[in-house]
Amino acid sequence: MNSIYGITRKKLEDYFISKKDKKFRATQIFEWLYRKNIKSFDEISNINKEAINNLKNDFYFNKLKIVAKEEDTDVKKYLFELDDGNKIESVIMYHDYGTSICISSQIGCNMGCAFCESGRLKKIRNLTTDEMLLQVIQAQEDIKKRISHIVIMGIGEPFDNYDNVIDFINIVNDPYSLAIGIRHITVSTCGIVPKIYEFAKECSGANLAISLHAPTNELRSKIMKINNAYKIEDIMKAVKDYINITNRKVTFEYIMLNNINDTDECAEKLSDLVKGLNAYVNLIPYNETHNIGFKRSDASQISRFYDILKKNKINVTIRREFGSNVSAACGQLRSKKEEVK
């Protein structure tokens, strides 16, 4: 038996065809699920009893349990508990252009980035498609506002859960589901190169963000284990392929770590790396946690780093900070709860 929230409309069409029914039933179900927000198959009034009974036998309605919420100006952070007792995080952020949510794709993470709170608690399993979707649905119900943008940048490495992430994108983008525009969906990866090539062909309208965080292999390998498998030159080659296929701008995420990757030399090398690409660099002030020894770069050095990139004609922004009074670092709220246990 599967969650009704974990199936794409195309797969639901195939399901009804296998039951000798009409494939348009799938569209009807999606409208009931995502437009009318039903919580039981018994609420459906325009489908025959046999089809309803089939759905009851093969699918179920599930939900996540909200076990903690923290709020600050323009931000709301959720800790969800799954059916198996594991916990994940999502973050709502309010912008002048709409409301975005950053969701998790795994329980824990095995990428082993030295500065990351999410990876400190190792991967337990991938999230299923429905568990990703329910983060969006339940947060939207809680804030009573439409979510317009999705970032898959929470706990976990999305491309390490590739198939479920693609199904999730197909569902939230579906015009009969949440109808979130494909260009309003961003997937962030630390650099699983083969999946970047796949993503370019399979999901070409979505945005790609690369968690780079260092401009050289020597430095990146010290703080990001993934660089031992996929070097920067491999990532850059895949990024260029993505840009050629999609004509979409790529974001390079760069966390500013004090006296680690924030030197003038790093800024110059980063400029050389991304110069000429249809891309921009997003400088991220580091969210410090008591579990990890890295420190945030001084504001003056972040500004200096920014100015060097600007001087080299690199498109660059400094990420607006959300949640300075909540457990801001990704995985921090979950980590606190685990430590209490």
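Is Tyr 15 buried or exposed, judged by its relative accessibility? At 12% relative accessibility, Tyr 15 counts as buried, because the cut-off for that class is under 20% relative accessible area. This is a predicted model, and the tour below goes through its aromatic rings, its packed helices and two residues with unusual backbone angles.

## Aromatic rings

Let us stay with Tyr 15 for a moment. Its partner is Phe 16: the two ring centres lie 5.2 Å apart with the planes at 75°, so this pair is edge-to-face. Phe 16 is also buried, with a relative accessible area of 1%.

A search of the whole structure turns up eleven aromatic pairs. One of them joins Tyr 5 and Phe 61, again edge-to-face, at 6.0 Å from centre to centre and with 85° between the planes. Here the two rings come from distant parts of the chain, 56 residues apart. Tyr 5 sits in the loop between β1 (2–3) and α1 (9–18), while Phe 61 belongs to the loop between β2 (59–60) and β3 (65–72). Tyr 5 is buried, with a relative accessible area of 2%, whereas Phe 61 counts as partly exposed at 22%.

Tyr 5 and Phe 61 also belong to a wider group: ring pairs link them with Phe 30, Tyr 34 and Phe 41 into a cluster.

Two lysines are worth a look as well. Lys 36 lies over the face of Trp 32, at 3.9 Å from the ring centre. Lys 195 takes up a place over the face of Tyr 162, at 4.8 Å from the ring centre. Both Tyr 162 and Lys 195 will come back in the next section.

## Helices around α5

Two packed helices are described by the angle between their axes and the distance between the axes. Helix α5 (residues 162–173) has two such partnerships to show, one with α4 (residues 129–143) and one with α6 (residues 193–202).

| Helix pair | Angle between axes | Distance between axes |
|---|---|---|
| α4 and α5 | roughly 40° | within 8 Å |
| α5 and α6 | about 25° | 12 Å |

What orientation do α4 and α5 have to each other? With their axes crossing at roughly 40°, α4 and α5 are oblique to each other. The crossing is right-handed. On the α4 side, the contact is made by Thr 129, Met 132, Leu 133 and Val 136. The α5 side brings Asn 164, Val 165, Asp 167, Phe 168, Ile 171 and Val 172.

For α5 and α6, the angle is about 25°, and these helices are therefore roughly parallel to each other. α5 passes α6 in a right-handed crossing. Tyr 162, Ile 166 and Ile 169 of α5 meet Lys 195, Glu 198, Phe 199 and Glu 202 of α6 in this contact. Tyr 162 and Lys 195, the ring and charge introduced above, are thus among the contact residues of α5 and α6.

## Two positive phi angles

Which value does phi take at Ala 179? It is positive, about 55°, although Ala 179 is not a glycine. Ala 179 is found in the loop between α5 and β10 (185–189), and it counts as partly exposed at 36% relative accessibility.

Asn 247 also has a positive phi, near 60°, in a residue other than glycine. This asparagine lies in the loop between α8 (232–246) and β12 (250–256). Asn 247 is exposed, with a relative accessible area of 63%.

Notes
Residues are numbered from 1 along each chain as its sequence is written. This is a predicted model: local features need pLDDT of at least 70, side-chain atom pairs count only at pLDDT 80 or more; totals for chains, interfaces and linings use all residues. Side-chain values use heavy atoms; hydrogens and water are left out. Rings of Phe, Tyr and Trp (its six-membered ring) pair if their centres lie within 6.5 Å; planes under 30 degrees apart count as stacked, over 60 as edge-to-face and the rest as tilted. Helices (H or I, at least four residues) and strands (E, at least two) are DSSP runs, numbered from the N terminus. Buried means under 20% relative accessible area, exposed over 50%, partly exposed in between (1.4 Å probe, protein chains only). A charge sits over a ring if NZ of Lys or CZ of Arg is within 6 Å of the ring centre and within 35 degrees of the ring normal. Axes are lines fitted to C-alpha atoms, for helices over the stretch in contact, and angles run from 0 to 180 degrees between N-to-C directions. Angles under 35 degrees count as roughly parallel, over 145 as roughly antiparallel, 65 to 115 as roughly perpendicular and the rest as oblique. A crossing is left-handed if the near helix is turned anticlockwise from the far one by less than a right angle, and right-handed if clockwise. Contact means heavy atoms within 4.5 Å.
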